[in-house]
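Here are a few short exercises to work through with the model open beside you. Try each task before you read its solution.

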Amino acid sequence: MAVERTVPTDSGTDPEQRADSAVIRDALGVGVAVGLSGFAFGVTSAGSGLSLLQTCLLSLLVFTGASQFALVGALAAGGSPFAAAAGAFFLGVRNTFYGLRLSQLLALPRAVRPFAAHWVIDETTAVTLAQPTRRAARIGFTATGLTLYVLWNLTTLLGALGAEALGDTGAWGLDAAGPAVFLALLAPMLRTTTERAVAGLAVVLGLGLLPLVPGGVPVLIAALAAPAVLFLKGRGVSRTSGVAMRVRGGRADRTGLKDQKDVKDQRSLKDQKDLEETEKKGQER
């Protein structure tokens, strides 16, 4: 009697577990890579004149790297606290739009949303939107947010403590670490011509006005790039639509004249036939 051998097969949950592991692995990669740049922020913040407590509170309570670097960068450049805070605020506004999208995708319980909102930043949004399912999106958001929050605050503390030992942050290039990370995350998201035009104009405005206006102000003016490009795009669409309508109108006019000519020809042909029939009847009589 033959003995049947049963080959163990993958259970139904194995593919799901592998997918979850892949999401966590990607989230940890992003969280660790970006979280370590909190060291650069700690050094830059301490170098701009902020105390250890102020530096750590910025990372704990604000927790949006681009805004934090904009604030301390403007202060280090001699800008007024108001201009520095305004620039940081407008950079942080983008997280509001991220939140509108993620709230629909994650569909978290109401009690959890206020706490999750604190983790709505560039990195968590990028990882979350890359996931195919809601389950994967929640895992990616949580793993990225937790890893990044812990590492960012820890390295901020270490950077602020070691600022005196390092000395000038510009000599180490640490003051450029934050903007470099932000640009690296932003670049792959610029897929359309409009998005690239907005980014390019913002760079031109920000860098061009840097030596002309106080620190923090170029960031505010660079924010005008988006409405300017959209306005010009809207005018271009309107002009294109107008030309297309005129072209269609001209074709319609030509078509109408042709139809009128055809009607006249048909009437003339009918009148000629009626005249021939009348003459024929007269001859028969």
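**Exercises on helix α9 and the core**

L158 has a relative accessible area of 45%, in a model that is predicted.

**Exercise 1.** Decide whether L158 is buried, partly exposed or exposed.

*Solution.* Start with the cut-offs: buried means under 20% relative accessible area, and exposed means over 50%. The 45% of L158 lies between them, so this residue is partly exposed.

**Exercise 2.** Find the surface patch that includes L158, and the helix that gives the largest share of the patch.

*Solution.* First, list the members: L52, L154, L157, L158 and L161 make up a nonpolar surface patch. Together they have about 430 Å² of accessible area. Next, look for the main contributor: helix α9, residues 134-161, supplies four residues, the largest share. L158 itself sits in helix α9.

**Exercise 3.** Classify T144 as buried or exposed, and list what it touches beyond four places in sequence.

*Solution.* T144 is also located in helix α9. Its relative accessible area is 0%, under the 20% cut-off, so T144 is buried. Leaving out residues up to four places away, its contacts are A27, V30, E123, T124 and V127.

**Exercise 4.** Describe the largest nonpolar core, then follow the contacts of L106.

*Solution.* The core contains 25 residues, and F41, L58, F63, L106 and F141 have the most contacts inside it. Helices α2, α4, α5, α6 and α9 each contribute at least two residues to this core. Now take L106: setting aside neighbours within four places in sequence, L106 contacts T128, R134, A137, R138 and F141.

Key:
Residues numbered from 1 in each chain as written. Predicted model: local features only at pLDDT ≥ 70, side-chain atom pairs only at ≥ 80, totals over all residues. Heavy atoms only, no water. Patch = residues over 30% accessible without salt bridge, like charges linked within 9 Å, V, L, I, M, F, W, Y side chains within 5 Å. Areas by Shrake-Rupley, 256 points an atom, 1.4 Å probe, with all protein chains shown as cover. Salt bridge = Lys/Arg side-chain N within 4 Å of Asp/Glu carboxyl O. Buried < 20%, exposed > 50% of the residue type's maximum accessible area, 1.4 Å probe, protein only. Core = buried A, V, L, I, M, F, W, Y, C linked by side-chain atoms within 4.5 Å. Contact = heavy atoms within 4.5 Å.
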